[in-house]
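Here are some short exercises, each with a worked solution. Take a look at the model first, then try each task before reading on.

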Amino acid sequence: PRSAAGATRTRKLSDLWRDATEDPAHAKNVNCAAVAATIAACEKAGCGRIVRVTGKGETPWSIFSILINLLGSHAKTWNYEGERLLRACTLDY
């Protein structure tokens, strides 16, 4: 699945006039929509727990996070949204 490969999309000039989130490699689709789909599939299958392995958590205002967000289609922002979905779901996380 796309989510296993990670968010690999970088910003493009065409993002100024088209919806960048239509790209399957966009961080929104990988770090948030794929997490939502995984949660739904696990809940439907009756799983009791979900484990998500990610990198080291970064502070939102660190230079590293700012650069990733600027160049990587808000990868850190969408990763945080995926984490919020996991914390809010009915599965142990």
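**Exercise 1. Find out why C42 is not in a disulfide with C47.**

Step 1: Start with the rule, which takes a disulfide to be a pair of cysteine sulfur atoms within 2.5 Å. Step 2: The cysteine sulfur closest to that of C42 belongs to C47 and is 4.2 Å away, so the two are too far apart for a bond. Step 3: Turn to C89, which is in no disulfide either; its nearest cysteine sulfur, that of C42, is 8.4 Å away. Step 4: Counted by this rule, the model has zero disulfides.

Before going on, a word on the source: this is a predicted model, in which local features need pLDDT of at least 70, side-chain atom pairs count only at pLDDT 80 or more, and totals for chains, interfaces and linings use all residues. Residues are numbered from 1 along each chain as its sequence is written, and side-chain values use heavy atoms, leaving out hydrogens and water.

**Exercise 2. Decide whether C42 and C89 are buried or exposed.**

Step 1: Set the cut-offs: buried means under 20% relative accessible area, exposed over 50%, and partly exposed in between (1.4 Å probe, protein chains only). Step 2: C42 has a relative accessible area of 15%, so C42 is buried. Step 3: C89 also comes out as buried, with a relative accessible area of 15%.

**Exercise 3. List the residues of the largest nonpolar core.**

Step 1: A nonpolar core is a set of buried Ala, Val, Leu, Ile, Met, Phe, Trp, Tyr and Cys residues joined through side-chain atoms within 4.5 Å. Step 2: The largest one has seven members, namely V35, I39, C42, I50, L86, C89 and L91. Step 3: Helix α2 (residues 27-45) gives the largest share, three residues; helices here are DSSP runs (H or I, at least four residues), numbered from the N terminus. Step 4: Check C89 for contacts (heavy atoms within 4.5 Å). Leaving aside neighbours within four places in sequence, C89 is in contact with I39 and E43.

**Exercise 4. Describe the course of α2 and say where α2 bends.**

Step 1: The 19 residues of α2 reach 26 Å from first C-alpha to last, close to the 27 Å expected at 1.5 Å a residue; the expected span is 1.5 Å times one less than the number of residues. Step 2: There is a bend of about 30 degrees at A33, taken as the angle between axes fitted to the seven residues ending there and the seven starting there. Step 3: The buried residues of α2 include A27, V30, N31 and C32. Step 4: After α2 comes G46, with a positive phi near 85 degrees.

**Exercise 5. Compare the settings of E83 and T21.**

Step 1: E83 sits in helix α4 (residues 75-88), while T21 is in the loop between α1 (2-5) and α2. Step 2: E83 counts as buried because its relative accessibility is 9%, whereas T21, at 24%, is partly exposed. Step 3: Not counting residues up to four places away in sequence, E83 touches R52, T54 and Y93. With that same exclusion, T21 touches H26, K28 and N29. Step 4: T21 and S73 are 52 residues apart along the chain, and their C-alpha atoms are separated by 8.7 Å.

Terms used:
Helices (H or I, at least four residues) and strands (E, at least two) are DSSP runs, numbered from the N terminus.
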